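Reader: Hi! Could you take me on a close look at how the helices in this model pack against one another, and at what lies around those contacts? I would enjoy one connected walk through it.

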Amino acid sequence: MERFDVAIVGGGPAGSSAAHAAASAGATAVVLEKGVPRADRPDRLGPDSTDAAGILDYWVDIMGIHPDEMPEGVVLGELDRAEFIGPTESLTLRSTGIDSSYENFGFCMHRARFDDFLRDRAEEAGAAYRVGTAVRGVETDLDADVGADDPRHRVELAGGDAVGADFLILADGPQRQVTTGVLDEYLPFDVTERLSTRETNHIAYQEHRRLPEDVFEEVAGAIKFWWGHMPGHTAYPWIFPNDDNVARIGLTMPIGMDLDDVEHRDDYPLLAPDDERIPQGREYIRRLLEREYGDEYDVETDFPLVEDRGKAGGTETYAISSTRPIDSPTAAGVAVVGGAMGATSAFHEGGDHTAVRTGAIAGELAAAGDLAPYNDRWKDAIGDEVRRNVAMADVVRDYEPDDWDWAFATAQKLMDGSEGYGLLDTSNVRAGFSAARLVTSYKRAKFSLRNGKYVQLEASEFTV
């Protein structure tokens, strides 16, 4: 059995950042990654790497990695705005309203190349990678001392081998294929009561399409979101520009929605009167493109799939975290990071920055021989970010198309007094009663989440 100080399950941004931090601090660390073949990573197995988001300006500071540190090809394009489009109203933000060391609004990136960069960085620091074998389970001896001959954790691999480690970092993403089994050992209830993937995740689908020149010029520099066009809590389609006239066009929506449960279905522009069920992702995208560009273009011929991008054939489907974050059973020598802890996408903004930061914190503490501070440390690092996103998700939970139009029109009035996230942290008397209502609902939701109340599974609930 191979023996390491730190074993890390999952080689995405959180796992590789944990490995880099642990190895940089002198610990022996191994990343266990099952490996997924991808069209945009043809010569190397790696993590699933399916993510729609780029990086906003202040996320660079949360992440702790500046794009200047990244190799050529990771950053695909600079961003200068975000466009939020309702059925009849829209809003454009050109600033997040948060101070940042990064001078632009943000950037879009090639996620698979970003993951490879993080892996290379971790390996250069001394971390080991075992790619191509899934983790079958974990056995833990809580009586084992750190540094003893017999490790506290024995990680069983699908091929029959095992890895021993004093500390275990779980970075297996929002599907939590290993995490749920580990956490179940330390809870007085079934872990799926809180972390059922059908309840705590959304499903995302995206296509890589080459846009006509004038359409790409129109969307270049913008991340575009269509709110109130499809039913479901925090469900929306998007267009994110990349390079070479290619954009990622995708959507996120809750898993297992029933069309019969949708009220006022005729108000959603991307639903059709003859729909008998919620459309599939590819049909939603076709309808979006037809709605936006069908008068001038033949969508199927003028917006072709780019088949050497994405997971396969220019497309990809993946789970995305929609849950509130969880604490970790650190007394057992276990830390949960990134998508597995649910800290990446409460409002689906994206989560690579929080994944990198939580992974780095866990790796640093594991190398120091004590994970006890982890639950406080991650809250200090990303708590404001998570609290803001959870509050916003709660505010819009029951929004329908008319509500999104009202919110965008109201936010447009508030822009006279502030910008970016600051729209909801200040009041603008001239914006009127509707603005006060919007700001107040957000502030109340945010206040209710003070003192870490955005955590859905607290450290005190673990029986360790």
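Author: Happy to; here is a walk through three helix pairs, the nonpolar cores and a few single residues.

A word first: this is a predicted model. Two packed helices are described by the angle between their axes and the distance between the axes, and that is how each pair is introduced below.

Let's begin with helix α1, residues 13-24, and helix α3, residues 111-125. Their axes are 8 Å apart, and the packing angle is about 20°. Angles under 35 degrees count as roughly parallel, and α1 and α3 are therefore roughly parallel to each other. The crossing of this pair, α1 with α3, is left-handed. On the α1 side, the residues that take part are Pro13, Ser16, Ser17, Ala19, His20, Ala23 and Ser24; facing them in α3 are Arg111, Phe114, Asp115, Leu118, Arg119, Arg121, Ala122 and Ala125. Sorted by class, the contact of α1 with α3 holds 7 nonpolar, 4 polar and 4 charged residues.

Within this pair, His20 deserves a pause. His20 belongs to helix α1. With neighbours within four places in sequence set aside, His20 is in contact with Arg121, Ala122 and Ala125, and those three also appear in the list of α3 residues that meet α1. A long-range pairing can be added: between the C-alpha atoms of His20 and Gly359 there are 9.1 Å in space, while 339 residues separate them in sequence.

Phe114, from the α3 side of that contact, leads us to the core. The largest nonpolar core has 113 residues, and Val6, Ile8, Phe114, Ile223 and Tyr374 are the ones with the most contacts inside it. The helix that gives the most to this core is α11, residues 374-395, with 9 residues. As for Ile8, once neighbours within four places in sequence are left aside, Ile8 is in contact with Gly15, Ala18, Ala19, Ala29, Val30, Val31, Leu32, Ile169 and Ala171. Ala19 is also among the α1 residues that meet α3. Another core, of 28 residues, lies apart from the largest one; Leu211, Trp226, Leu288 and Val299 are among its members.

Helix α11 brings us to a second pair, α11 with α13. The axes of α11 and α13 come within 8 Å, and they cross at roughly 125°. That makes α11 oblique to α13, and the crossing of the two is right-handed. From α11, the contact uses Arg387, Arg388, Ala391, Met392 and Val395; from α13, it uses Ser441, Tyr442, Ala445, Lys446 and Phe447. The class count for α11 with α13 is 6 nonpolar, 1 polar and 3 charged residues.

Helix α13 has a further partner in α12. Here the helices are α12, residues 401-414, and α13, residues 433-448, packed at an angle of about 105° with axes 9 Å apart. The range for roughly perpendicular is 65 to 115 degrees, which makes α12 roughly perpendicular to α13. Trp406, Ala407, Thr410, Ala411, Lys413 and Leu414 of α12 make this contact with Ser434, Ala435, Arg437, Leu438 and Val439 of α13. By class, the residues where α12 meets α13 divide into 7 nonpolar, 2 polar and 2 charged.

Thr440 is also found in helix α13. Its relative accessible area is 33%, so Thr440 is partly exposed. Thr440 and Leu424 are 16 residues apart in sequence, with a C-alpha to C-alpha separation of 8.3 Å.

To finish, here is a stop away from the helices, around strand β17. Met253 lies in β17, which spans residues 246-254, and Met253 is buried, with a relative accessible area of 11%. Leaving out residues up to four places away in sequence, Met253 touches His202, Ile203, Met230, Ala235, Ile278, Pro279 and Tyr284. One of these, Ile203, is 50 residues from Met253 along the chain, with their C-alpha atoms separated by 5.6 Å.

The loop between β16, residues 236-241, and β17 contains Asp244, and Asn245 sits in the loop between these strands too. Asp244 has a phi near 55°, a positive value in a residue other than glycine; Asn245, not a glycine either, has a positive phi of about 65°. As for accessibility, Asp244 counts as exposed at 52%, whereas Asn245 counts as buried at 18%.

Key. Residues are numbered from 1 along each chain as its sequence is written. This is a predicted model: local features need pLDDT of at least 70, side-chain atom pairs count only at pLDDT 80 or more; totals for chains, interfaces and linings use all residues. Side-chain values use heavy atoms; hydrogens and water are left out. Axes are lines fitted to C-alpha atoms, for helices over the stretch in contact, and angles run from 0 to 180 degrees between N-to-C directions. Helices (H or I, at least four residues) and strands (E, at least two) are DSSP runs, numbered from the N terminus. Angles under 35 degrees count as roughly parallel, over 145 as roughly antiparallel, 65 to 115 as roughly perpendicular and the rest as oblique. A crossing is left-handed if the near helix is turned anticlockwise from the far one by less than a right angle, and right-handed if clockwise. Contact means heavy atoms within 4.5 Å. Ala, Val, Leu, Ile, Met, Phe, Trp, Tyr, Cys and Pro count as nonpolar, Asp, Glu, Lys and Arg as charged, and the others, Gly among them, as polar. A nonpolar core is a set of buried Ala, Val, Leu, Ile, Met, Phe, Trp, Tyr and Cys residues joined through side-chain atoms within 4.5 Å. Buried means under 20% relative accessible area, exposed over 50%, partly exposed in between (1.4 Å probe, protein chains only).
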